[in-house]
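Trainee: I'd like to learn how to read a model like this one. Can you take me through it feature by feature?

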Amino acid sequence: MDFAALLAKELDKAKPPAPSSSSSAPKYISRREAEEARKAAYLAEQKRLEEERAAKAAAKRKREEEAEQEKREREEKRARLAEESRRRREAKEAEEERARRKRLGLPELPPSREGSESAAKVEEEEDDELDGEGKETDIVEEELVKKLRDLGEPAVLFGEDHAARVKRYWKTARGGSVAATGPIATTLAPVEEKDMKVPDKVPPASDKKARRFLFRQLASYFNMVLREWDAALVREDNADTFAGQAARNAMVSSKETMKPLFRKFEQGDLDESVLEAIVEIVKAAQERRYVDANDGYLRLSIGKAAWPIGVTMVGIHERSAREKLHDGERGHIMGSEVTRKYLQSIKRCLTFAQVRWPPEDVRQLMG
């Protein structure tokens, strides 16, 4: 092979392939073709954007539906939990009510107690039983024997039948035997701590039901304070010291001297001025306004009576104004030894209460 042939062969390899006539694109296009191509590209882009918007809207709707479903499930769960909590609370309240009625010797509640009318009827019947105005409800023999023994009464008397025992039980329970236990035993049915808050004003004497409930509130409050006082002394465990013995003696003395006040609560014959002052003191103490409670105690104990100070008799003749001093002394509330002692016990209860339930405002602390 000669050199010329080899060179020609290599030159043929280096040349690019010639374009075919079928695949060759025109070098120039018309304006109509260009406009159609632009319009096609625009429509394709708009179609793509529309598909993207539709996909986003579908995804948003799906998220909203899922969120709505989750919210609905949360609401259903919250309602279910609230219903379960309500049933548990009602069951607990019913159990406490049964225990209270059993402690007071009242008949058992009916199986269903629906509606405000039935509840009001049961409450009215209960108040009638406590006030001695209702009918004598029959009691099962075993329970009747237990209740009589709890009241310190003999279970069976000679020649006494069941009806006579029921009548004797109700007469004893309504006539002054102990129906509720506490630091100071009383026939007044106790109230829950949430119901102990006394009203602003004393109910009128004509409203016997409201008056009796007020006496129950006062008795329950003082019993609660005395109970907490006793528990605090037990926790301190300093009975061997002089201060511990003095505190214990003060607490025991307060319980003894407040018994006449509880008897007045039971009989409902407390003097109107004393009752109003005690309600004012207790209300201020429950609101932790101990300075105001102490002011009410001072107004009750000292009042506006004339207290002679210094020399009141300088001659053999009695002055005209001296008889007013004697009238004030004789008519003052502290003239009664029993009243003076239970008022002092109320003051001791205030002193303990401000330690057990301290006020938020330190200015309401008594000195």
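Mentor: Let's go from the overall fold to the core, the rings, the charges and the surface.
This is a predicted model, where local features need pLDDT of at least 70 and side-chain atom pairs count only at pLDDT 80 or more, while totals for chains, interfaces and linings use all residues. Residues are numbered from 1 along each chain as its sequence is written, and side-chain values use heavy atoms, with hydrogens and water left out.

Trainee: How many helices and strands does the protein have?

Mentor: Helices (H or I, at least four residues) and strands (E, at least two) are DSSP runs, numbered from the N terminus. Here there are twelve helices and zero strands, so the pattern along the sequence is simply α-α-α-α-α-α-α-α-α-α-α-α.

Trainee: And what share of the 367 residues is buried?

Mentor: Buried means under 20% relative accessible area, exposed over 50%, and partly exposed in between (1.4 Å probe, protein chains only). In this protein, buried residues make up 28% of the 367. As for contacts (heavy atoms within 4.5 Å), residues 24 or more positions apart account for 63% of those with a separation of 6 or more.

Trainee: Which residues have the most contacts inside the largest nonpolar core?

Mentor: A nonpolar core is a set of buried Ala, Val, Leu, Ile, Met, Phe, Trp, Tyr and Cys residues joined through side-chain atoms within 4.5 Å. The largest one has 46 residues, and those with the most contacts inside it are L218, Y221, F222, M258, L261, F265 and I278. Two or more residues come from each of α6 (208–236), α8 (259–267), α9 (272–286), α10 (290–301) and α12 (337–356). Helix α6 gives the most, with twelve residues.
Try F222: leaving aside its neighbours within four places in sequence, F222 is in contact with M258, L261, F262, F265, I278, V282 and I346. There is also a second, separate core of six residues, which includes I139, L144, Y169 and W170.

Trainee: How many aromatic pairs are there, and how do I read one?

Mentor: A pair of aromatic rings is described by the distance of the centres and the angle of the planes. Rings of Phe, Tyr and Trp (its six-membered ring) pair if their centres lie within 6.5 Å; planes under 30 degrees apart count as stacked, over 60 as edge-to-face and the rest as tilted. The whole structure has four such pairs.
One of them is W229 with F352, stacked at 5.8 Å centre to centre with 15° between the planes. W229 lies in helix α6 and F352 in helix α12, so the pair ties together parts that are 123 residues apart in sequence. W229 counts as buried at 9% relative accessibility, and F352 does too at 12%.
Now look at F262 and F265: this pair is tilted, with 5.9 Å between centres and 55° between planes. Being three residues apart in helix α8, F262 and F265 are separated by about one helical turn. Both are buried, and together with F215 they form one aromatic cluster.

Trainee: What about charges: how many salt bridges does a search find?

Mentor: A salt bridge is a side-chain nitrogen of Lys or Arg within 4 Å of a carboxyl oxygen of Asp or Glu. The search finds 25.
E83 and R86 meet at 2.3 Å, N to O; both lie in helix α2 (residues 31–104), three residues apart, about one turn. E83 is partly exposed at 31% relative accessibility, and so is R86 at 29%.
E272 and R211 have their closest N and O atoms 2.9 Å apart. This bridge links distant parts of the chain, with E272 in helix α9 and R211 in helix α6, 61 residues apart. E272 is partly exposed at 33%, whereas R211 is buried at 10%.
Salt bridges can also join up: D200, K283, E287, R289 and D292 are linked in a network.

Trainee: Which residues form a nonpolar patch on the surface?

Mentor: Patches are made of residues with over 30% relative accessible area and no salt bridge: like charges are joined within 9 Å, nonpolar side chains (Val, Leu, Ile, Met, Phe, Trp, Tyr) within 5 Å. Accessible areas come from the Shrake-Rupley method with a 1.4 Å probe; for residues, only the protein chains shown count as cover.
Here F3, L7 and L11 form a nonpolar patch with about 340 Å² of accessible area together. F3 sits in helix α1 (residues 3–14) and is exposed, at 65% relative accessible area. For the whole protein, about 25,400 Å² is exposed, and carbon and sulfur atoms supply 53% of it.
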